[in-house]
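Hello,

Here is the structure I promised to pass on to you. Have a look at it first, and then read on for what turned up.

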Amino acid sequence: MTSHSLRFGSGRFDYLTDAEGGGQLVRCRTGELELFGHAGEWVIPPDHMVYIPEGRMFRLRARVPSSGLVVKFCRREVVWSHDGCWVGPVGEFAATMLDYALKWGGDTSPGSRHARAFFTTLGHMLPEWFRHERIMWTPYASSSAIQGVIDYTRRKGPSVSLSEVAEHAGMSERTLRRHMQSELGQSWREFIREMRMNRAMEMLRRERRSITETAFEVGFSSSSAFSVAFQEYVGRTPSAYAKSFAGGSHHVPQ
């Protein structure tokens, strides 16, 4: 196989990705993508991308009309030092590179030296594009006890307290913190931040809730504090994020 790029969308879909020898880079242009693997699940909003490491099969789903592109790499073209999939924003330079990658489709000649040179360069850019910590990830636990903590937190909502979760799990807060860090590689604070932001995106995208209502439901004391945290996490303001699912002209209540 020669490395190549393919467009997808704009519609709803649900399929299993191939286990590519060099991995694959998926960019979401519009809508929102959900990625499911053995270690957890990820959300990829518009203008974000995710790298799926080599040799791994994942389920990719769009429950709302979505579009984007996927880059399929050959072996030894990608420099990747992280464990598992990471989601990151698509910057201006990354967007230009990914658009140019569409020059080489699935029918690209295996002997194309230009294609090999381009995709090797593209693959070596990934450490720069994914240099920030992992985001938009809900982990799966290996033990039933911690998976129960994850499931309970999702049912109760992101404003649930550590003490409430620890009592439900039959652990002390200290023990729960230790188990989450060792098993998930996340602190309680990092875990609950993921839950808060994922729930906030869902409320703004699917339920068309106001920014103030969303802020309070996910545990923030003010809409301004929520807006700052949301923009830092997602890369755009809550208002801009909500408008991207309403054709850009819909007024988002504050």
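A residue counts as buried when its relative accessible area is under 20%. Please keep in mind that this is a predicted model.

With that cut-off, V218 is buried, because its relative accessibility is 0%. You will find V218 in the loop that links α7 (211–217) to α8 (223–234). What does V218 touch, leaving aside residues up to four places away in sequence? Its partners are P158, R196, R199, A200, M203 and F226. E183 lies elsewhere: 35 residues separate V218 and E183 along the chain, and their C-alpha atoms are 25 Å apart.

Now for the chain as a whole. It holds 9 helices and 8 strands, and 51% of its 254 residues count as buried. The radius of gyration is 19 Å, which agrees with the value near 18 Å for a compact globule of 254 residues. Along the principal axes, the C-alpha trace spans about 60 × 45 × 30 Å.

How are the contacts spread along the sequence? Taking contacts between residues at least 6 apart, 73% join residues at least 24 apart.

Two surface and charge figures may be handy for your setup. About 12300 Å² of the chain is exposed, with carbon and sulfur atoms supplying 49% of that area. The chain carries 32 positive and 27 negative charges, and the mean positions of these two sets are 2 Å apart.

Happy to talk it through whenever suits you.

Best wishes

Definitions and conventions:
Residues numbered from 1 in each chain as written. Predicted model: local features only at pLDDT ≥ 70, side-chain atom pairs only at ≥ 80, totals over all residues. Heavy atoms only, no water. Helix = DSSP H or I, 4+ residues; strand = E, 2+ residues; numbered from the N terminus. Rg over C-alpha atoms; globule rule 2.2 N^0.38 Å. Buried < 20%, exposed > 50% of the residue type's maximum accessible area, 1.4 Å probe, protein only. Contact = heavy atoms within 4.5 Å. Areas by Shrake-Rupley, 256 points an atom, 1.4 Å probe, with all protein chains shown as cover. Lys, Arg positive; Asp, Glu negative; His and termini not counted. Charge placed at Lys NZ, Arg CZ, Asp CG, Glu CD.
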